[in-house]
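Please open the structure in your viewer and keep the selection panel at hand. The stops below are arranged so that each selection leads on to the next.

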Amino acid sequence: MLAAVRPALSDTEIRAVDDIAERMAFAPRHRWLLRQWLQALALEGAVEGDLGRGFRYAGPVPAPVRADLFEVCADLGYPAAVAEFFRASDEHLVDLVRDEMRLQELLFPNGDMATAEGAYRDNLSSRYLNLAAGRAVADVVAELRADRAPVRVLELGAGIGGTTDDVTAALVDLPVDYHFTDVSDFFLTAARERFADYPWMRYGLLDMNADLGDQPARDLVIAANVLHNAFDIGVTLRRLRDLLNPGGAVVIVETCHAHNEQLTSVHLLMSPGRDQPHAGLTDVRAGTDRIFLTEDEWRRELAAAGLRPELVLPAGEHPVAALDQRVFVARRDHE
């Protein structure tokens, strides 16, 4: 971050964020990230100032405790392709924030999904979360099958199917009608090949910000690493609650804190498109540049939407909890 913004910072003069952005030729749609960078750098003592007044250079970022990115990623179970993706994102950061390069070129090189699978499936945290989500889904289906068969399952924003892999493995021999959905045909095409052995899976396009009101009733909704893309999480959760049959459940996987490496890589995917204005958030994130809710905020939003939280994993003392990702299982009560 500091290497990218340093040429636009003065050693003595406080410069407004917009001034820094103009000096960097920062694309307007990505400027929310610049504000996050500057606040992160201020916490490290590398810049001085605030969003209201502006910032100036204060000194180098403290040396990292672990300097080798590839070793750190390996210790967390990430394949080398993910470390290379992070390295390439850092190396091309100025090009990326100027929209002279698209992050998808680095995340899906030549259309290959290996890097994305490493980021969302093949690592310590994702393996734990996806296994936990699969077990939770199987438990709900096993409970509901006595009253309704097949149990109707909807997965939102299923993407590369990282969570779907563990869910489908847990659902073998259970009666389900499973609807795998995403906003992109790119992922649906790959999913049809990947899950061809599951005759009870269907596929379709679905935008959770526009299409939930048109969906038939379901017994279970899975949303892994997607609900933070809702314009209003509270509204979306209420729509999911209305979509569920009484006794139905949601199984949600979400990150609860943005780490710095995300702010220079995958968060670029969360900027508005080139041809559309930022929609503007209307939930607890309104007026901020936050993407993620905290665990406590998720608990409150679920309860306010009429979805009773039953289980949150991992618990605070679990080693994986330090990576700030959670599985939430919440239920619509019987009426």
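A residue is called buried under 20% relative accessible area, exposed over 50%, and partly exposed in between. The model is predicted, and the tour starts in one of its helices.

**Stop 1: helix α5**

Select arginine 87, which at 30% relative accessibility counts as partly exposed because this value falls between the two cut-offs. Now add glutamate 84, which forms a salt bridge with arginine 87, the closest N and O atoms being 2.4 Å apart. The two residues are three apart in helix α5 (residues 80-91), so about one helical turn separates glutamate 84 from arginine 87. Glutamate 84 is partly exposed as well, with a relative accessible area of 33%.

Extend the selection to glutamate 91, with which arginine 87 forms a salt bridge whose closest N and O atoms lie 2.3 Å apart. Arginine 87 and glutamate 91 are four residues apart in helix α5, again about one turn of the helix. Glutamate 91, at 53% relative accessibility, counts as exposed.

**Stop 2: other salt bridges**

Go next to glutamate 71 and arginine 66, which form a salt bridge with the closest N and O atoms 3.9 Å apart. Glutamate 71 has a relative accessible area of 44% and is partly exposed, while arginine 66, at 40% relative accessibility, is also counted as partly exposed. Then select Glu117, Arg121, Asp122, Asp165 and Arg194 together, since salt bridges link these residues in a network. Over the whole structure, a search finds 30 salt bridges.

**Stop 3: strand β4 and its neighbours**

Select β4 (176-182), and colour its residues by accessibility. Are the residues of this strand buried or exposed? Seven of the seven residues of β4 are buried. Val176, Tyr178, Phe180 and Asp182 point one way from the strand, whereas Asp177, His179 and Thr181 point the other way, and all of these are buried.

Add β3 (151-156), which pairs with β4 in the parallel sense over five bridges. To find the register in the viewer, look at arginine 152, which stands opposite aspartate 177 in β4. With α10 (162-170) also shown, you can follow the right-handed β-α-β unit made by β3, α10 and β4.

Now show strand β5 (residues 201-205), which runs parallel to β4 and is joined to it by five bridges. Here tyrosine 178 has methionine 201 of β5 as its bridge partner. From β4 the chain crosses through helix α11 (residues 185-194) to β5, and this β-α-β crossover is right-handed.

**Stop 4: backbone angles in the loops**

Display the backbone around proline 150, which is found in the loop between α9 (124-144) and β3 (151-156). The peptide bond from alanine 149 to proline 150 is cis, with omega near 0°. Another cis peptide bond joins leucine 313 and proline 314, where omega is about -5°; proline 314 lies in the loop between β8 (308-313) and β9 (325-331).

Two further residues are worth selecting for their phi angles. Aspartate 173, in the loop between α10 (162-170) and β4 (176-182), has a phi near 75°, a positive value in a residue other than glycine. Its relative accessibility of 72% makes aspartate 173 count as exposed. Asparagine 225 is placed in the loop between β6 (218-224) and α12 (233-243), and although this residue is not a glycine, its phi is positive at about 55°. Asparagine 225 is partly exposed, with a relative accessible area of 22%.

**Stop 5: the second largest pocket**

Finish at the second largest pocket, which has a volume of about 410 Å³. Of the 16 residues that line this pocket, select Gln36, His257, Ala258, Leu263 and Arg290, the closest to its centre. Which helix supplies the largest share of the lining? The largest share, four residues, comes from α3. Both α3 (31-43) and α13 (260-263) supply at least two residues each, so it helps to show these two helices while you inspect the lining. Colouring the lining of the second largest pocket by class gives seven nonpolar, six polar and three charged residues.

Terms used
Residues are numbered from 1 along each chain as its sequence is written. This is a predicted model: local features need pLDDT of at least 70, side-chain atom pairs count only at pLDDT 80 or more; totals for chains, interfaces and linings use all residues. Side-chain values use heavy atoms; hydrogens and water are left out. Buried means under 20% relative accessible area, exposed over 50%, partly exposed in between (1.4 Å probe, protein chains only). Two strands pair if DSSP finds at least two bridges between them. A crossover is right-handed if, with the strands pointing away from the viewer, the path from the first strand over the helix to the second runs clockwise. On a 1 Å grid over the protein atoms alone, a cavity is a set of points where a 1.4 Å probe fits but cannot get out, and a pocket is an open set with protein on both sides within 12 Å along at least five of seven lines; lining residues have an atom within 4 Å of a point. Grid points are joined across faces, edges and corners, and a volume is the space filled by probe spheres set on the points. Ala, Val, Leu, Ile, Met, Phe, Trp, Tyr, Cys and Pro count as nonpolar, Asp, Glu, Lys and Arg as charged, and the others, Gly among them, as polar. A salt bridge is a side-chain nitrogen of Lys or Arg within 4 Å of a carboxyl oxygen of Asp or Glu.
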